[in-house]
Amino acid sequence: MKNIVILTGSGISAESGLKTFRSEDGLWLNHRVEDVCTVEAFERNPSLVHSFYNELRPIMMKAVPNAGHQAITMLQQELPDVTINVVTQNVDLLHEKAGSKNIYHIHGRIDECVCMNCGHVLTTLGDVESDESCPECHVQGMLKPNIVFFGEMPKYMDEVDKMLAECGMFIAIGTSGVVYPAAGFVRQAKFYGAKTYLFNLDPCNNSSQFDQEILGKASQTFPKFAEELINELKKKG
Ligand code: APR
């Protein structure tokens with residue numbers, strides 16, 4: 001088996017009590033996405049954006065991984081000869097808490113800020129205020145949540161391009177396939193010959209691009225698949 005790439009979205013964390021991005025009311029913690037997750041919103045009102053992430057941070061930090069996250073770790077542990085990369089759009093740390101390795105947070109992390117003056121990335125477990133100074137360059141008011149806002153480039157794109165070109169299997173879990181470039185990864189992986197699987201509650205925006213779509217809760221569907229894959233690959237040696 002060549003490498004495996006697993007792309008995760010907010011659906012994998014839903015059963016850990018975290019709200020998915022595109023919930024029915026279209027709101028996230030009572031805010032419109034345009035007010036808290038865009039470059040323009042941050043330039044317009046940094047205090048509002050910081051207070052949104054200050055509210056979200058403890059919720060995410062308290063969440064615990066579920067069987068979906070744990071099954072990814074099991075795959076990595078049971079198949080040490082296969083490189084299994086986890087490319088996540090989630091800013092929560094549930095893959096880390098589940099003990100997974102090779103995690104790429106392409107949309108950033110809730111526990112970090114970045115200084116827009118010097119680029120320094122710092123761990124921020126408590127609240128961050130808009131007038132705080134950077135501990136590295138000491139310039140005030142330049143700390144931004146290390147979250148990729150709409151209008152910014154996702155992280156690790158070179159690494160992900162390389163992984164997709166080399167993978168034999170691409171698995172997407174809990175993502176609506178609406179936000180690019182992540183929504184285009186399945187097409188890229190397929191182009192290079194990977195088998196493609198989707199584990200989602202509902203059919204997603206780009207369902208037709210997957211070889212197999214497994215509908216249901218990821219905490220139930222994915223562990224079963226992972227177990228079968230481990231048995232199959234171990235049998236093949
Ligand atoms: N198991 C599997 N899938 C689930 C579950 C579950 N228990 N619960 C929800 N889902 C699915 C939904 O059917 C939906 O298709 O997860 C998907 C979540 O979709 P979105 O809310 O659009 O989240 P996501 O795809 O992660 O969003 C991508 O959009 O705004 C940006 O940066 C933000 O990273 C986010 C990106």
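**Two domains and a ligand**

Let's start where the two domains meet: domain 1 and domain 2 bury about 810 Å² between them, and carbon and sulfur atoms give 64% of that area. A handful of names is worth picking out here. Leu18, Val91 and Leu93 supply 52% of the area that domain 1 buries against domain 2, more than any other three residues. Keep in mind as you look around that this is a predicted model.

So what are these domains? According to the domain assignment, domain 1 is made of the stretches 1–18, 65–107 and 154–237, while domain 2 takes in 24–62 and 109–147. If you trace the chain with those numbers in hand, you'll see it pass from domain 1 into domain 2 and back again. The centres of the two domains, taken over C-alpha atoms, are 27 Å apart.

Back at the boundary, 9 residues of domain 1 are in contact with 9 residues of domain 2. On the domain 1 side, the residues that touch domain 2 divide into 3 nonpolar, 2 polar and 4 charged. There is also 1 salt bridge across this interface. Glu96 forms a salt bridge with Arg109, with their closest N and O atoms 3.7 Å apart. Between the two domains you can also count 3 residue pairs in polar contact.

Now move over to the ligand. There are 21 residues around it, and Glu15, Arg22, Thr175, Ser176 and Asp202 come nearest. Sorted by class, this shell holds 6 nonpolar, 11 polar and 4 charged residues.

Zoom in on the ligand's oxygen atoms and a few distances stand out. A polar side-chain atom of Asp202 sits 2.6 Å from one ligand oxygen atom, and Thr175 likewise has a polar side-chain atom 2.7 Å from an oxygen atom of the ligand. With Gln89 it is the backbone that takes part: one of its N or O atoms lies 3.1 Å from a ligand oxygen atom. As for how much of the ligand is left showing, the protein covers 92% of the 730 Å² of accessible area that the ligand has on its own.

Conventions: Residues are numbered from 1 along each chain as its sequence is written. This is a predicted model: local features need pLDDT of at least 70, side-chain atom pairs count only at pLDDT 80 or more; totals for chains, interfaces and linings use all residues. Side-chain values use heavy atoms; hydrogens and water are left out. A residue is near a molecule or strand if one of its heavy atoms lies within 4 Å of it. A polar contact is a pair of N or O atoms within 3.5 Å; within protein, one must be able to donate a hydrogen and the other to accept it, and residues adjacent in sequence count only if both atoms are side-chain atoms. Accessible areas come from the Shrake-Rupley method with a 1.4 Å probe; for residues, only the protein chains shown count as cover. Ala, Val, Leu, Ile, Met, Phe, Trp, Tyr, Cys and Pro count as nonpolar, Asp, Glu, Lys and Arg as charged, and the others, Gly among them, as polar. Domain bounds come from an automatic or database domain assignment. Contact means heavy atoms within 4.5 Å. Buried area is the accessible area (1.4 Å probe) that two parts lose on being put together, summed over both. A salt bridge is a side-chain nitrogen of Lys or Arg within 4 Å of a carboxyl oxygen of Asp or Glu.
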